[in-house]
Amino acid sequence: MRYKKTGILLVNLGTPDAPTADAVKRYLRQFLSDRRVVDTSRLLWWPLLRGVILPVRSPRVAKLYQSVWMEEGSPLMVYSRRQQKALAERLPEMPVALGMSYGSPSLESAVNELLSQDVDHIVVLPLYPQYSCSTVAAVWDELARILGKTRAIPGITFIRDYATDHDYINALAGTVKASFAQHGEPDLLLLSYHGIPQRYANEGDDYPQRCRDTTRALVSALEINPDKVMMTFQSRFGREPWLTPYTDETLKMLGEKGTKHIQVMCPGFSADCLETLEEIAVQNREIFLEAGGTKYEYIPALNDSPEHIDMMQALVSSRR
């Protein structure tokens, strides 16, 4: 089928509108209410979420957001808007909208923005390099809900992930090489991916394999000894087992065992956010140094780098 007009829909997770307890509470309520994220029985989960987690966690998380908040707003939103703008400049004939799974701008508002411009085909690019049911599938679910209210739905091209995409891997490799050139080659390059419950993987989510695929491709592109690269998982939440090894525990172990210089990259994050700028760049740095390490650098996400926009342009253009 030949479409008359194609639009691009960039999707990321979302962020609070402000670094305040109330804004964080609103955001976390929506995020943690999604069954794709937390699939615990609602009878058990609602009282725990509303009575304990939100009141206790929101003020604490708000303080963390305050420590990374940029002049223009939340880092994730700032970089996402820059990505949207840069991609739109590359593709002037194709409208580019930004939607968030949680918070604003909503995914629904982004879809409506494209449809209002007479788009009859949408290329959906969830900015999660490695597929997971808790991220990419949540976008699919919400997109289906939105279009379920529309009489004439557009053609949809949905990019499931891009874990081994050539341009993505080369962009990652470029940032690693730049960091090595600036800080010296470390004893170990740690690749920290966001975790998911181990149970999700046991039930069929291929996210761990997609992370391994990215790691293997990046090691090959860097032409580095695989023994100098380690893959871990961060940001676990709750009491059930998540994917291992855990980033924080690994850094503590490495520091105690004599590893002196580490550089950490988070290949699963397309834009820097609380989990990279605070958890990895600050908290985990302290863990490693207090355990005996002496040198620690965080390698920033691809954000709105030209190489990242090149990758996005190539991905969406091949599916227009």
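Which residues does Lys 228 touch, not counting residues up to four places away in sequence? Let us start there and then tour the rest of this predicted model.

**Figure 1. A close-up of Lys 228, in the loop between α8 (207-222) and β6.** Here is what to look for around this side chain. Lys 228 touches Glu 185, Pro 186, Asp 187, Leu 188 and Leu 189, with residues up to four places away in sequence left out of the count. Take Pro 186 as a landmark: Lys 228 and Pro 186 are 42 residues apart in sequence, yet their C-alpha atoms are 8.5 Å apart in space. Is Lys 228 buried, exposed or partly exposed? Its relative accessibility is 25%, so Lys 228 counts as partly exposed.

**Figure 2. A close-up of Gln 234, a residue of strand β6 (residues 229-234).** Follow the chain from the loop into β6, and you will come to Gln 234 in this strand. Gln 234 has a relative accessible area of 3%, which means that this residue is buried; the cut-off for buried is under 20%. The strand around it is mostly covered too, as five of the six residues of β6 are buried. Many neighbours can be picked out in this view. Not counting residues up to four places away in sequence, Gln 234 touches Ser 192, Tyr 193, His 194 and Gly 195, and also Thr 247, Cys 266, Phe 269, Glu 275, Glu 279 and Ile 280. One of these neighbours, His 194, is also the bridge partner of Gln 234.

**Figure 3. The open sheet β6-β5-β7-β8, built from four strands with parallel pairing.** Which strands lie at the edges of this sheet? They are β6 and β8 (295-299), and each of them pairs on one side only. From one strand to the next, the twist averages 25°. Now look at how β5 is joined to its neighbours. Strand β5 (residues 188-194) pairs with β6 in the parallel sense over six bridges. β5 also pairs with strand β7 (residues 261-265), again in the parallel sense, over four bridges. To find a point where β5 and β7 meet, look for Leu 190, whose bridge partner in β7 is Val 264. A helpful rule for viewing any such strand: in a regular strand the side chains alternate between the two faces of the sheet.

**Figure 4. Helices α6 and α10 with the sheet β6-β5-β7-β8.** Helix α10 (residues 274-290) lies across β5, β6, β7 and β8, and runs at about 165° to β8. Helix α6 (residues 166-183) touches β5, β7 and β8 as it packs on the sheet, with its direction at about 155° to that of β7.

**Figure 5. The largest cavity, with a volume of about 50 Å³.** How many cavities of 30 Å³ or more does a search of the whole structure find? The search finds one. Its lining is made by Tyr 168, Leu 172, Thr 175, Met 265, Cys 266, Pro 267, Phe 269, Pro 300, Ala 301 and Leu 302. α6 gives the most to this lining, with three residues. Sorted by class, the lining holds nine nonpolar residues, one polar residue and no charged residues. You may recognise Cys 266 and Phe 269 from Figure 2, where they are among the residues that Gln 234 touches.

**Figure 6. A second open sheet, with four strands in the order β2-β1-β3-β4 and parallel pairing.** The edge strands here are β2 (96-100) and β4 (155-158), each pairing on one side only. The twist averages 25° from one strand to the next. Helix α4 (residues 107-115) packs on this sheet and touches β1 (6-12), β2 and β3; the direction of α4 makes about 160° with that of β2. Another helix, α5 (residues 136-147), lies across β1, β3 and β4, running at about 175° to β4. Strand β3 (residues 121-126) runs parallel to β4 and is joined to it by four bridges. Look for Val 123, which stands opposite Thr 157 in β4.

**Figure 7. The second largest pocket, with about 190 Å³ of space.** Of the 14 residues that line this pocket, Gln 30, Asp 34, Ser 101, Tyr 102 and Glu 142 are the closest to its centre. α4 and α5 each supply at least two residues of the lining, and α5 gives the most, with four. By class, the lining has six charged, four polar and four nonpolar residues.

Definitions and conventions:
Residues are numbered from 1 along each chain as its sequence is written. This is a predicted model: local features need pLDDT of at least 70, side-chain atom pairs count only at pLDDT 80 or more; totals for chains, interfaces and linings use all residues. Side-chain values use heavy atoms; hydrogens and water are left out. Two strands pair if DSSP finds at least two bridges between them. Axes are lines fitted to C-alpha atoms, for helices over the stretch in contact, and angles run from 0 to 180 degrees between N-to-C directions. Contact means heavy atoms within 4.5 Å. On a 1 Å grid over the protein atoms alone, a cavity is a set of points where a 1.4 Å probe fits but cannot get out, and a pocket is an open set with protein on both sides within 12 Å along at least five of seven lines; lining residues have an atom within 4 Å of a point. Grid points are joined across faces, edges and corners, and a volume is the space filled by probe spheres set on the points. Ala, Val, Leu, Ile, Met, Phe, Trp, Tyr, Cys and Pro count as nonpolar, Asp, Glu, Lys and Arg as charged, and the others, Gly among them, as polar. Buried means under 20% relative accessible area, exposed over 50%, partly exposed in between (1.4 Å probe, protein chains only).
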